[in-house]
Structure formats: structure tokens, C-alpha cells
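Q: I'd like a close look at the interior of this protein. What is packed in there, and which parts supply it?

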Amino acid sequence: MRCIVKTIESAGRAEVFRIIPLGDAHLGSVACDERLLRVKIAYIRDTPNCWWIGMGDMADSIGRIDPRYREAAYAKWLQGTDRVFKRQKDYLIELLQPIGPRCLCYLKGNHEDHIETKYSSDLYLDVVEGIRPTEDVDIAMGLSGFLVLKFPRHRG
């Protein structure tokens, strides 16, 4: 179990910080509200002192050999695609890259865990690396862990 410690400097007690949980979007599913996801991403990107936590299952990650598979359950942009996991991963990275530097930690959901176990493909770490390609801060939490936030006052 991991423990990630994040320090965010504060100007003082009156300063407001927002932390938005993003999870269970199931991007690639016809039931995913992509418009709402884009609105949340824009809010995080455009709001000062706004951070987010990836809560897992951001991509639907249901493959063709999965008993839950139904072509009609795929989003239109995914229907007829042979490489469904790659398409979902690439699209998810594209959406999350603008807010990647504001990610406090990114959890692995049961869908990402299933992909790794069943298909030997680490969609989870591919997304983590894709949204923070130049950062040396490790945000990969895994299936569970602790996030410790520290808000020291900036003395300048």
C-alpha cells in the first residue's frame, strides 16, 4: 500500500483549495457522459488552486472476449475498432494531459486491474505515464493507499 505525500504552499488560512475526484467515467461506454467529463476537466484546468484525484475506471476497458462485451455498449467512436484498449487509452490521455500536472494521485480501478490480469496490458500505468510524461512525481497509487496533503504557509 502506497502513501503519497503532496505539499502545496498556501498564502494563508483564507486561501481556498479545491480537490475534485474523477472516477468511474467509463470512457468508451455509450453510457459515459463525455460532455460532463470535458466540463469537469475544463473546470480543473481553469480554476486556481484546483487539484484532482483519479479514482479509477476512467476507461471502460471491456474487450471483445469479455463476457460483458456488447458492441452496442461501446461509444460510437469506439464501435468497429479492433484495438479498443489502445483507442480508449489514447483518448483518455488526450483528455487528461491538460490537467495532468494537477493530479495528486491516480488510483487503479477494477477495470484497469482486469485488463492487466486478463490481457497482460497495463492500461493503468500507460495512462499515468501519458498524463505526466515530464514530471518526476509519482502519482500511481495502485488499488489503494493514502494521500497526505500538507499546506504550509508561503513565507516570502
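A: Here is a walk through the interior, starting with the main core and moving outward to a few loop residues.

Keep in mind that this is a predicted model. The largest nonpolar core has 34 residues, and the ones with the most contacts inside it are Leu22, Leu37, Trp52, Met58, Leu92, Leu96 and Tyr106. At least two residues of this core come from each of strand E2 (18-22), helix H1 (34-46), strand E3 (50-54), helix H2 (84-96), strand E4 (103-107) and helix H4 (123-131). H2 gives the most, with seven residues. Apart from this core lies another one, of eight residues, with Trp51, Ile53, Cys105 and Met141 among them.

Met58 is a good place to stop for a moment. Leaving out residues up to four places away in sequence, Met58 touches Leu22, Leu37, Leu92, Leu96 and Tyr106, as well as a run made up of Gly23, Asp24, Ala25, His26 and Leu27, and also Glu112.

Now for E3. Five of its five residues are buried, and both faces of the strand are covered. Cys50, Trp52 and Gly54 are on one side, with Trp51 and Ile53 on the other. Trp52 is listed among the residues with the most contacts in the largest core, whereas Trp51 and Ile53 belong to the eight-residue core. E3 runs parallel to E2, and five bridges join the two. Ile20 stands opposite Trp52 of E3.

Trp52 also takes part in a cluster with Tyr106 and Tyr124, linked by ring pairs. Tyr124 brings us to H4, where the buried residues are Leu123, Tyr124, Val127, Val128, Gly130 and Ile131. These cover an arc of only 165° around the axis, so they sit on the same side of H4. The general background is that an α-helix has 3.6 residues a turn, so residues three or four places apart point the same way. Among what covers the buried residues of H4 are E3, H2, E4, helix H3 (110-119) and strand E5 (140-142).

On the aromatic side, the structure holds five pairs. One of them is Trp77 with Tyr91: the ring centres are 4.7 Å apart and the planes are at 85°, so this pair is edge-to-face. Trp77 lies in the loop between E3 and H2 while Tyr91 is in H2, so the pair ties together parts that are 14 residues apart in sequence. Tyr91 counts as buried because its relative accessible area is 15%, under the 20% cut-off.

The loop between E3 and H2 has more to show. Thr81 is found there, and it is buried, with a relative accessible area of 15%. Beyond its neighbours within four places in sequence, Thr81 is in contact with Arg64 and Arg87. A polar contact of 3.4 Å joins the side chains of Thr81 and Arg87. Ser61 lies in this loop too, and is buried with a relative accessible area of 1%.

Ser61 is also worth a look for its backbone: phi is near 55°, a positive value in a residue other than glycine. His26, in the loop between E2 and H1, has a positive phi as well, near 50°. For context, most residues other than glycine have a negative phi. His26 counts as buried at 19% relative accessibility, and His26 is one of the residues that Met58 touches.

Definitions and conventions. Residues are numbered from 1 along each chain as its sequence is written. This is a predicted model: local features need pLDDT of at least 70, side-chain atom pairs count only at pLDDT 80 or more; totals for chains, interfaces and linings use all residues. Side-chain values use heavy atoms; hydrogens and water are left out. A nonpolar core is a set of buried Ala, Val, Leu, Ile, Met, Phe, Trp, Tyr and Cys residues joined through side-chain atoms within 4.5 Å. Buried means under 20% relative accessible area, exposed over 50%, partly exposed in between (1.4 Å probe, protein chains only). Helices (H or I, at least four residues) and strands (E, at least two) are DSSP runs, numbered from the N terminus. Contact means heavy atoms within 4.5 Å. A polar contact is a pair of N or O atoms within 3.5 Å; within protein, one must be able to donate a hydrogen and the other to accept it, and residues adjacent in sequence count only if both atoms are side-chain atoms. Rings of Phe, Tyr and Trp (its six-membered ring) pair if their centres lie within 6.5 Å; planes under 30 degrees apart count as stacked, over 60 as edge-to-face and the rest as tilted. The arc is that of the directions from the helix axis to the C-beta atoms. Two strands pair if DSSP finds at least two bridges between them.
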